[in-house]
Amino acid sequence: MLIEKLSLTCDRLLSHRQLACCQSYCGIPLDGMKMLIYTNMDIEHKPLLLTGHHGEISAMTFGKGSRPVLLCSASADYVIIWDIELCQKRTKEGKVAAGTVIGSLLGEVVYLSFCFSDERVAACSGATVYILSSKRHEVISTLTSHLGPLTSAEFCPWNKDILVTTSEDRTFKVWDLKTEAVCYQSFVLSASPLLSVFFLEENRHLITGSTDGQCHLVTKMDLQKMEKRHQMHRGTVSDQAGLTEQSDVDEVETSKPALRMALCSSFIDTSIEHKKDNSWLFIGSSDGLYVVDLATSELLNALYFKDYPNLSITMAGSWSISPGLDNSMVFLVSSLFTPCVVLLDLRLRDLERTWACGEGFSVFPSSPLLLESPLNAEFKKKKPEHPKKKGGIKERPLVFHSKVKSSGYTSAPRSIMFSPKTNIQKNPSSKTANKNTGLLLRDYPADCAAPTIPHIHLSIVNKPVHCLQYSGDGKQILCGLGDSSVFLYKSSLTGNPTVYTGHDKPVSSVSWSLNRQWWLSASEDQSLRIWTHGSPEPAIIMGDSLFSKPIRSAQFYYLDKFLLLASGPSLYLYLYNVDITRDDIKRYQQRSVIKLAKCITTTSATDITALSAINDFFSYIVVVCGSDRSIQVFDMNKGSVASALPDAHSRAVHCITQNKGSMFSTQTPDSYNLFLTGAVTDGVKIWDLRTLRCVRRYENHLNRCHPCSSAISPCGRFIASGSEDNCAYVYDIRSSRYLHRLQKHSDTVLSVTFNPATPELLTGTLDGKLRLFQSSSGALLSHDTSAAVHSIPNMTA
């Protein structure tokens, strides 16, 4: 992918000199005091020779504008501005190309940069930065505050009076050029000196790079750690111990300094529609070029010099990076140990093809069930037993009814024999009519605002709210609590809840069945219970040492055909049959039946920390997360692990949420392949099953120790996350910056969930409080069913 367009051998080492490169030209020092200017599109053309310095040229840079193309060069004696097109014209006329001296005797200038209007130039010399006019010989201001030599200085693109400088004292400073004062000074960011600084104009973020390869944005990115994750994802790390030991002996670990950074907008088709600020950060380091996706802080690709034997360079000393023509990037790189400079070209389409390749999955089945598939499991049907005929008189019942009316000997005598009903009012809408017409539903509003308006605040118990889930119709809500109980509320949170008890430890997960006739609860006490309406006792209890470890997650699966649960390293698939009838004599005997259909163990036998599967339609895919920080995709049609993604987070994932939509909303089919994962100290990531890659990261919320959950809205436009700063955060799914910060919670927000029917968000806290938020545009929709759009068959709630 890296193409060498020019290789030039110099008379001296240029490993730590600032070289100049722009879209059309590149500049290289010659014989110390001269410069050669090459045209990028026509390298074979005779370069432009510029002379005028009397000292060794130490820094060069091109201006930000395209007309005229300005070049600034610096030596110990002069700082000179050159108009490239004017110099070319004078050379063709046989005249000597000349520039404009804008500074003199500033010392050894190590870094130059133009402002975005090309009116001013910043020159770093020692611990001082000089602000020079690009039109005339004038020092506008002199700024000194760093404790060590400066390494770079850049003007702010959205505020011409802001300058940021980095230094070997491991800090950066933000200067107000109007007052010539420091308006912000960072703490020590790294153990190594800061080398470079870069602005992200769209998000108004700042990135700094250091010699130890750490880039500081809102989150810290480490090139070496990203490189290891990238290699593991691509399968380059061998699982064989012998090969690993050999590689450790042969390879020497070196630092990866972030010598230069540049931004490029990618053109790849992403999974999130209308995805914002989709940009790649190119980081030039000593051993190659690193391409980082800023939306995820993940390494997309690493282009090492050693992988391109035709290049004239093996280690880089300095980089100059610029967008090129025809969807490309150009790089001017000096060798670290040899007097050589090369001009490299990279086609972005080549990067996109390598990024997009890989084994992908879909939540929608692409093939029928296999004959041996665990999803074909059924209960064995009992064959009817026909007793053999025997002679003699058969036993017959004395009565023809199953129940015999009492004679009434023990009841009190009647005082009133007959009392007619005279005030009977007929109901105009009969139950039969209701059954025939069905339940009318309004579509979930696709363009409503996020639910941010506080509506109800409810205190239930002084125990954590570990899990929340709405029923499919959005009319009821289950709350799994830390006191081992389950509360069933109306979605309006009015009235007294129905309380279900029986677990001995905190409830870890709750789940509604698709028909909403029953629901389950799983607990840390290694048991699972299925409950039905109107009964305080569970219809099914799965315990009695069935599982050796606590059940981390459980749910209904495959249109309510199976129970899916995780305990230890195993994923269990159970058939079940709920029978709520009971014998009054043997009332504690459970008539419901369960049967193990399949048990699958994760790769490397790591304990499962979270799982998710879609129950609303047939899907073979189950996504689980392990304690080894991996994400594993199970193909339940085959009954095996289909793929494993190692080191998905820096900590073990505690929450996984698929984009399941709801019966009230419709999304594009590809949107259902998105899922969220959350880990302590590592924020929330959104993944695409089709590529098994992280496509965005959300980390404005605070999550350092508690398992805060996250949720996707039914319309697929918003993401909600709990936080430890007593707030809930609402993100736009297309942007990494949060939209709303829902404050005034009494404690850490552990659980969040969206109502599938109306734009409402429910949050649960560590101290047992519930808060309901509504949308400004959808607050009235929960009670308005007059304008029905479609109907579904009536289902028993």
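**Entry 1. Tyr576 and its ring partner**

I began with Tyr576, which is buried at a relative accessible area of 9%. The model I am reading is a predicted one. The cut-off for buried is under 20% relative accessible area, so Tyr576 falls within that class. I then looked up Phe556, which has 1% relative accessibility and also counts as buried.

I recorded 23 aromatic pairs in the structure. Phe556 and Tyr576 make up one of the pairs, with the ring centres 5.8 Å apart and 55 degrees between the planes, a tilted arrangement. I noted where the two rings sit: Phe556 belongs to strand E39 (residues 551-557) and Tyr576 to strand E41 (residues 570-577). The pair links distant parts of the chain, as 20 residues separate the two positions.

**Entry 2. Other rings**

I next examined Trp512 and Trp519, which form a tilted aromatic pair. I read 5.1 Å from centre to centre and 50 degrees between the planes. Trp512 and Trp519 are both buried.

Which residues do ring pairs join into a cluster with Trp319? I found Phe282, Phe305 and Phe331 linked with Trp319 in this way.

I also looked for charges placed over rings. Lys64 lies over the face of Phe116, 5.3 Å from the ring centre. For Lys306, I found the charged end over the ring of Tyr304, at 5.5 Å from its centre.

**Entry 3. The sheet E35 to E38**

I traced an open sheet of four strands, ordered E35-E36-E37-E38, with antiparallel pairing. Which strands stand at the edges of this sheet? They are strand E35 (507-512) and strand E38 (540-542). Each has a single partner strand, so one side of each lacks a neighbour in the sheet. On average, neighbouring strands here are turned by 15 degrees against each other, direction ignored.

Within this sheet I followed the pairing of strand E36 (residues 518-523) with strand E37 (residues 528-532), which is antiparallel and extends over five bridges. Opposite Trp518 I located Thr532, in E37.

**Entry 4. The sheet E1, E28, E27, E26**

I then turned to another open sheet of four strands, in the order E1-E28-E27-E26, again with antiparallel pairing. Strand E1 (2-9) and strand E26 (316-323) are at its edges; each has a single partner strand, so one side of each is left without a neighbour in the sheet. I noted an average turn of 20 degrees between neighbouring strands of this sheet, direction ignored.

How many bridges join E26 to strand E27? I found seven, between E26 and strand E27 (residues 328-335), and the two run antiparallel. As one example of a bridge partner, Ser320 has Leu332 in E27.

**Entry 5. The hairpin E31 and E32**

I looked up strand E31 (residues 465-470) and strand E32 (residues 476-481), which run antiparallel and are joined by five bridges. Leu468 stands opposite Cys479, which is in E32. The two strands, E31 and E32, form a hairpin with five residues between them. In the turn I marked Gly474, whose phi is positive, about 75 degrees.

**Entry 6. Gln224**

I closed with Gln224. Is Gln224 buried or partly exposed? I recorded a relative accessible area of 21%, and Gln224 is therefore partly exposed, since buried requires under 20%. Gln224 is placed in helix H2 (residues 223-233). I noted Lys256 as well: its C-alpha atom is separated from that of Gln224 by 7.1 Å, while the two residues are 32 residues apart along the chain.

Technical notes:
Residues numbered from 1 in each chain as written. Predicted model: local features only at pLDDT ≥ 70, side-chain atom pairs only at ≥ 80, totals over all residues. Heavy atoms only, no water. Pairing = 2+ DSSP bridges. Axes fitted to C-alpha atoms, helices over the stretch in contact; angles between N-to-C directions. Buried < 20%, exposed > 50% of the residue type's maximum accessible area, 1.4 Å probe, protein only. Phe/Tyr/Trp six-rings, centres within 6.5 Å; stacked < 30°, edge-to-face > 60°. Lys NZ or Arg CZ within 6 Å of the ring centre and 35° of its normal.
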